[in-house]
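Reader: I'd like to walk through this one feature by feature, strands before helices. Can you show me how to read each kind of feature as we go?

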Amino acid sequence: MKILAAICIESYEMELKLFEIKKNVRKELCCARQRLELGKDTFRYKRLQNATIRKLCEVLSRFQQTIKEYPIDSIRICATTAVREAKNLPIILEQIWLQTGLKPLVLSNSEQRFLEYKAIALNIKGFSELIQSGTAILEAGSGSLQLSLFQAGKPLITQNIPLSAKRLKEQLEKNDYTYEQFEDFMKELADYRLGEFERYYLKGNSIGQIVLFGEGARAFVKNSDDGLCILKSGEFLESCRKLKQKSPDWIEQRLGGAENSETLQAASVIYESFLTMTQAKKVIIPEIDLNDGICYEYMQEKGLLENEHNFEEDILNAAWDMAERYQCDRNHSSFVLKTAILLFDGLKKKYGLTKRDRLLLELSVILHDCGKFVSIVKAAECTYNIILASEVMGLSHKERKMVAEIIRQSALKTERTLDMELEEEFMEDGIRIRKLSALLSIADFMDLSHRQKVLGIRLKQEKTEWKLTVKTKQDYRLERSLFHEAAGQFEEIYQLKPVLIWKRDDN
């Protein structure tokens with residue numbers, strides 16, 4: 001048995017949850033929440049004020065007193081948008097460490113959504129079966145709307161949409177408006193933003209059910225024995241309409257604060273607009289939060305889950321969907337992926353390549369030709385910009401930039417000019433980027449014509465040479481003649497000279 005303390009620092013609330021964990025089972029022992037409007041500081045001043053930082057540390061200290069009452073095995077603490085976007089982030093983290101000894105993990109948006117996704121998977125029995133049909137996960141938060149689509153058991157897209165009460169209030173700051181007018185403005189904006197999403201991403205995918213997550217969904221939860229509220233769409237829409245008839249004072253009293261009132265008002269408008277647009281039949285509201293995702297991740301790490309959902313496969317499936325959107329050659333990418341993994345597995349033990357490195361390489365291979373949709377001449381640079389502008393669920397911002405750099409480095413002309421820049425930005429990760437980039441480059445050159453000529457590859461290492469013997473039925477002289485362009489980068493980083501040996505199969 002393990003006992004985990006999970007702490008989440010969100011924009012308007014801090015929460016502590018204690019979990020008792022056994023094989024495949026978790027039990028919530030304690031839950032403590034403290035209202036603290038960090039988001040208001042970040043929104044107004046772009047930083048947390050000194051008084052707010054002190055209050056933050058005081059709340060964490062109180063949480064620590066609660067934790068001391070239990071035989072804790074591990075403490076996990078994370079922070080989200082309000083801390084992440086504060087310009088004085090280093091000062092905040094240092095003060096938390098000095099005053100409490102805690103070191104929060106500051107989650108990127110995609111990391112945060114991935115933890116929420118894990119929390120949902122943990123709480124909904126048969127989650128893998130649920131997402132076989134069209135499913136949308138919505139979180140209408142205080143700052144934006146996160147919308148993720150699933151079809152045939154895999155994620156299709158996740159998008160962060162700038163749609164919230166807070167953003168609209170900022171835009172209307174110098175205008176007078178009534179409560180009813182604000183709701184009308186919100187509906188018009190929601191219809192416009194969600195209409196854009198439908199045009200670019202839904203593309204005929206039908207949505208049968210919607211899963212709601214986050215602060216904007218809590219008010220709609222009805223008591224349930226299994227922590228899961230399931231409503232028909234008509235019931236849910238009626239709840240939205242009833243809520244909109246309530247006064248702002250009533251909502252503030254029920255939910256504790258004007259910020260929550262505005263968030264809920266906007267959320268109900270957004271949910272109603274999305275339900276109307278998709279004609280979804282069912283709404284599912286699990287009674288969970290980010291700390292449940294932290295618990296899931298802890299159970300994963302400790303081997304306390306059986307038959308768990310394959311989240312890495314979800315990350316790769318989302319990448320394949322992105323590659324399809326940019327009309328990449330799937331046959332070519334599949335060959336390069338198979339070849340790159342073969343090379344990776346042959347080198348991983350000696351060169352210290354990790355399981356996470358393998359995932360970054362796989363993503364780099366799948367996405368490496370996206371930029372050709374924009375420019376064939378500057379494909380690598382365009383791919384770099386596309387990846388940085390896209391959300392890749394499950395990757396930190398740093399890892400997403402590493403994938404973009406791996407692809408850009410594999411375009412050999414940029415290698416030398418970026419050396420110093422990479423050393424400064426990525427430090428110890430610069431060598432990882434070069435190792436994975438060299439593998440991508442070699443694998444890509446082995447299918448230079450995009451004809452998948454290779455029938456088989458055999459690897460053999462001899463002192464300072466690495467022999468790659470390929471067997472083909474087709475003429476392979478083009479690839480063999482230009483292979484040296486990729487070989488130089490590989491030899492420099494691995495201190496092994498790759499030698500391509502071609503054997504023609506005339507049978």
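Author: Sure. Let's start with pairing: two strands count as paired if DSSP finds at least two bridges between them. Keep in mind that this is a predicted model.

Reader: Okay, how many bridges join strand 2 to strand 3, and in which sense do they run?

Author: Strand 2 (residues 13-22) and strand 3 (residues 25-35) run antiparallel, with 10 bridges joining them. To find the register, look for Phe-19, which stands opposite Glu-28 in strand 3. Another pair to look for is Glu-13, whose bridge partner in strand 3 is Arg-35.

Reader: What sits between strand 2 and strand 3?

Author: A turn with 2 residues between the strands, so to speak the tip of a hairpin; Asn-24 in that turn has a positive phi of about 65 degrees.

Reader: Which other hairpin can I practise on?

Author: Try strand 7 and strand 8, again with 2 residues between the strands; there Ala-152 takes a positive phi near 55 degrees. Strand 7 (residues 145-151) pairs with strand 8 (residues 154-161) in the antiparallel sense, over 7 bridges. For the register, Ser-148 stands opposite Thr-158 in strand 8.

Reader: Back to strand 2 and strand 3. What is the strand order of the sheet?

Author: General idea to carry along: in a regular strand the side chains alternate between the two faces of the sheet. Here the order is 3-2-1-4-5, an open sheet of 5 strands with mixed pairing. Strand 3 and strand 5 (105-106) are the edges, each pairing on one side only.

Reader: Which strands does helix 2 lie across?

Author: Helix 2 lies across strand 1 (2-9), strand 2, strand 3 and strand 4 (74-79), and runs at about 25 degrees to strand 2. Helix 12 (residues 290-301) also lies across strand 1, strand 2, strand 3 and strand 4, running at about 35 degrees to strand 2.

Reader: And the sheet of 3 strands, which strands are its edges?

Author: That open sheet has the order 12-13-14, with mixed pairing. Its edges are strand 12 (454-462) and strand 14 (497-504), which each pair on one side only. From one strand to the next the twist averages 20 degrees. For a parallel pair, look at strand 13 (residues 465-472) and strand 14, which pair over 8 bridges. Within that pair, Trp-466 stands opposite Pro-498 in strand 14. Helix 14 (residues 330-351) packs on this sheet, touching strand 12 and strand 13, and its direction makes about 15 degrees with that of strand 12.

Reader: Now helices. What do I need to describe two packed ones?

Author: You need the angle between their axes and the distance between the axes. Take helix 2 (residues 50-67) and helix 4 (residues 89-100): their axes are 10 Å apart and they pack at an angle of about 40 degrees. That angle makes helix 2 oblique to helix 4. The crossing is right-handed as helix 2 passes helix 4.

Reader: Which residues of helix 2 meet helix 4?

Author: Ile-53, Leu-56, Cys-57, Leu-60, Ser-61 and Gln-64 do, and they meet Ile-92, Gln-95, Ile-96, Gln-99 and Thr-100 in helix 4. By class, this contact has 6 nonpolar, 5 polar and no charged residues.

Reader: How do the axes of helix 17 and helix 19 cross?

Author: The axes of helix 17 (residues 397-410) and helix 19 (residues 429-445) come within 8 Å and cross at roughly 50 degrees. That makes helix 17 oblique to helix 19, and the crossing is right-handed. Among the residues in contact are Met-402 and Glu-405 in helix 17, and Arg-432 and Leu-436 in helix 19. The contact divides into 6 nonpolar, 4 polar and 5 charged residues.

Reader: What about helix 15 and helix 17?

Author: The axes of helix 15 (residues 355-367) and helix 17 come within 9 Å, crossing at roughly 55 degrees. Helix 15 is therefore oblique to helix 17, in a right-handed crossing. Arg-356, Leu-360, Leu-363, Ser-364 and Leu-367 in helix 15 meet Glu-399, Met-402, Val-403, Ile-406 and Ile-407 in helix 17. That contact has 7 nonpolar, 1 polar and 2 charged residues.

Reader: Last one: how many aromatic pairs are there?

Author: A search of the whole structure finds 14. One to look at is Phe-114 with Phe-311: the ring centres are 5.7 Å apart and the planes are at 85 degrees, so the pair is edge-to-face. Phe-114 is in helix 5 (residues 109-123) and Phe-311 in helix 13 (residues 311-325), so this pair links distant parts of the chain, 197 residues apart.

Technical notes: Residues numbered from 1 in each chain as written. Predicted model: local features only at pLDDT ≥ 70, side-chain atom pairs only at ≥ 80, totals over all residues. Heavy atoms only, no water. Helix = DSSP H or I, 4+ residues; strand = E, 2+ residues; numbered from the N terminus. Axes fitted to C-alpha atoms, helices over the stretch in contact; angles between N-to-C directions. Contact = heavy atoms within 4.5 Å. Parallel < 35°, antiparallel > 145°, perpendicular 65-115°, else oblique. Left-handed = near helix turned anticlockwise from the far one by under 90°. Nonpolar A, V, L, I, M, F, W, Y, C, P; charged D, E, K, R; others polar. Phe/Tyr/Trp six-rings, centres within 6.5 Å; stacked < 30°, edge-to-face > 60°.
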